[in-house]
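Welcome! Let us learn to read a protein model together, one feature at a time.

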Amino acid sequence: MIIPPANRLEHVQEYYFARKLREIRSRNAQGEDIINLGIGNPDMMPSASTLDTLLETATQSGNHGYQPYKGSPILRNGFQEWYLRTYGVQLDPESELLPLIGSKEGIMHISMAFLNPGDQVLVPNPGYPTYSSVSRLVGATMIPYHLSEGQQWKPDFDQLETLDLNPVKIMWVNYPHMPTGTPPSDELFKKIIAFGKKHQILICHDNPYSLVLNDSPKSILAYEGATETAIELNSLSKSHNMAGWRVGVLAGAQSYINTVLKVKSNMDSGMFLPAQLAAAEALKNGENWHEERNQEYAARRELIWKILESLQCDFSRNQAGMFVWAKIPVSMDDGETFSERILNQAKVFLTPGFIFGSEGDQYIRASLCCSQSLLKQALDRILSSQLANV
């Protein structure tokens with residue numbers, strides 16, 4: 001290589017799933033027929049009205065130009081009505097909502113907007129790997145805070161209080177939690193808000209799973225004092241079967257939104273208008289549509305539970321979201337070894353928990369984004385292999 005890469009890439013690796021999916025594609029091309037239960041890629045369709053709106057508006061000649069950096073007013077109003085209806089949170093669509101090209105984009109924008117090199121960031125372990133990688137990319141110092149099964153995968157605030165928190169600028173939280181599926185509670189959000197206010201830390205709540213197999217959707221912004229210290233990312237990817245559409249939103253106080261907008265307006269030129277208008281239509285999906293999606297996920301989860309039971313894994317049935325997090329058998333050294341064994345012996349891929357942090361070493365994660373017929377095939381493969389006798 002003639003031109004060396006930037007120093008910021010020294011501690012950032014290629015996303016695990018990018019490497020693993022490339023391997024699975026290569027092995028499938030050679031005839032292995034691997035069933036992928038690893039990634040949360042929704043396989044069901046958006047609502048019919050969403051698709052109709054996209055098709056109709058995409059054929060209109062005036063809808064193909066650059067759009068406002070703050071997004072279409074129609075989409076912002078759609079998010080405003082959705083937040084009020086879903087979470088009971090009143091937001092100003094003009095100043096407290098910022099549509100994004102996916103919430104993953106928002107993680108980078110927030111980090112660039114608020115972090116200086118050397119600032120510290122509290123990152124959950126286990127947690128979404130992008131929180132860590134983006135923190136490194138912007139030159140911040142990542143401080144993992146450990147979540148454990150014994151603590152019900154919730155922050156240990158007593159332990160956090162023993163740290164020097166003065167350099168900490170941001171704390172990433174995510175409930176329903178990925179990868180463990182831990183649902184939120186009123187008490188938890190109140191504690192997080194109090195912690196952020198006490199130590200002047202920006203709480204960044206990532207909330208894409210709130211409508212998936214979760215009886216009580218919550219927003220951290222619904223709690224007293226939240227807007228002083230917290231912002232929230234949300235997304236249509238999981239809740240509305242629109243992962244490839246790249247439509248998300250950042251919600252919070254005007255001052256925080258405006259700070260992030262300074263970064264965003266220098267990084268993109270707006271979202272395709274028909275996608276925004278279709279997303280606004282998707283936000284109108286009724287309770288029946290969401291119930292039908294969750295009924296399908298619930299049926300798939302029953303099969304995932306059978307798969308995990310056949311592998312002698314332990315897991316909680318009180319998990320929200322589109323994954324099941326499970327502890328591996330005591331006879332296995334770690335989740336990666338177990339995952340590779342399942343892959344090679346049964347041609348079924350389950351995500352090893354180590355990719356979410358060291359606290360995930362003894363766990364694996366299974367995705368519900370696979371048809372019931374394929375899940376039954378995966379179960380049959382495991383039952384007919386030696387894996388059922390781990």
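What follows is a short dialogue between a learner and a teacher about this predicted model.

Q: Where do I begin? How many helices and strands are there in the protein chain?

A: Counting them is a good start: the protein chain has 13 helices and 13 strands. Its radius of gyration is 21 Å, close to the 21 Å that the globule rule gives for 390 residues, so the chain is as compact as a globular protein of that length. Along the principal axes, the C-alpha trace spans about 60 × 55 × 55 Å.

Q: What share of the residues count as buried?

A: Of the 390 residues, 56% count as buried. You can also look at contacts between residues at least 6 apart in sequence: 76% of these join residues at least 24 apart.

Q: How do I read a sheet, and in what order do the strands of the 7-strand sheet lie?

A: The general idea comes first. Strands of a sheet pair through backbone hydrogen bonds, in either a parallel or an antiparallel way. Here, the open sheet of 7 strands has the order β2-β8-β7-β6-β5-β3-β4, with mixed pairing. β2 (97-100) and β4 are the edges; each has a single partner strand, so one side of each is left without a neighbour in the sheet. From one strand to the next, the twist averages 20°.

Q: Can we zoom in on one pair? In which sense do β5 and β6 pair?

A: β5 and β6 pair in the parallel sense, over 4 bridges. To find your place, look for V173, which stands opposite H205 in β6. Now look at the helices on this sheet. α9 packs on the sheet and touches β2, β6, β7 (230-235) and β8 (248-251), with its direction at about 30° to that of β2. α5 lies across β3, β4, β5 and β6 and runs at about 160° to β3.

Q: Which residues of α5 are buried?

A: A general point helps with any helix. An α-helix has 3.6 residues a turn, so residues three or four places apart point the same way. In α5 (residues 129-137), the buried residues are P129, T130, Y131, S132, V134 and S135. They pack against α4 (103-114) as well as β3 (120-125), β4 (141-146), β5 (168-173) and β6 (202-206). After α5 comes G139, whose phi is positive, near 85°.

Q: How do I read two helices that pack together? At what angle do α4 and α9 pack?

A: Compare their axes. Those of α4 and α9 (residues 254-264) are 8 Å apart, and the helices pack at an angle of about 100°. Angles of 65 to 115 degrees count as roughly perpendicular, and α4 and α9 are therefore roughly perpendicular to each other. The residues of their contact divide into 7 nonpolar, 2 polar and 2 charged.

Q: What about α11 and α13: are they roughly parallel or roughly perpendicular?

A: The axes of α11 and α13 (residues 372-384) come within 9 Å and cross at roughly 5°. These helices are therefore roughly parallel to each other. By class, their contact has 9 nonpolar, 2 polar and 4 charged residues.

Q: Which strands make up the 4-strand sheet, and in what order?

A: The order is β9-β10-β13-β12, in an open sheet with antiparallel pairing. β9 (314-315) and β12 (351-352) are the edge strands, each pairing on one side only. Helix α11 (residues 287-310) packs on this sheet, touching β9, β10 (323-327) and β13. At the edge, 2 bridges join β12 to β13 (residues 363-367), and P352 stands opposite I364 in β13.

Methods: Residues are numbered from 1 along each chain as its sequence is written. This is a predicted model: local features need pLDDT of at least 70, side-chain atom pairs count only at pLDDT 80 or more; totals for chains, interfaces and linings use all residues. Side-chain values use heavy atoms; hydrogens and water are left out. Two strands pair if DSSP finds at least two bridges between them. Contact means heavy atoms within 4.5 Å. Axes are lines fitted to C-alpha atoms, for helices over the stretch in contact, and angles run from 0 to 180 degrees between N-to-C directions. Buried means under 20% relative accessible area, exposed over 50%, partly exposed in between (1.4 Å probe, protein chains only). Angles under 35 degrees count as roughly parallel, over 145 as roughly antiparallel, 65 to 115 as roughly perpendicular and the rest as oblique. Ala, Val, Leu, Ile, Met, Phe, Trp, Tyr, Cys and Pro count as nonpolar, Asp, Glu, Lys and Arg as charged, and the others, Gly among them, as polar. The radius of gyration is taken over C-alpha atoms; the globule rule is 2.2 Å times the number of residues to the power 0.38.
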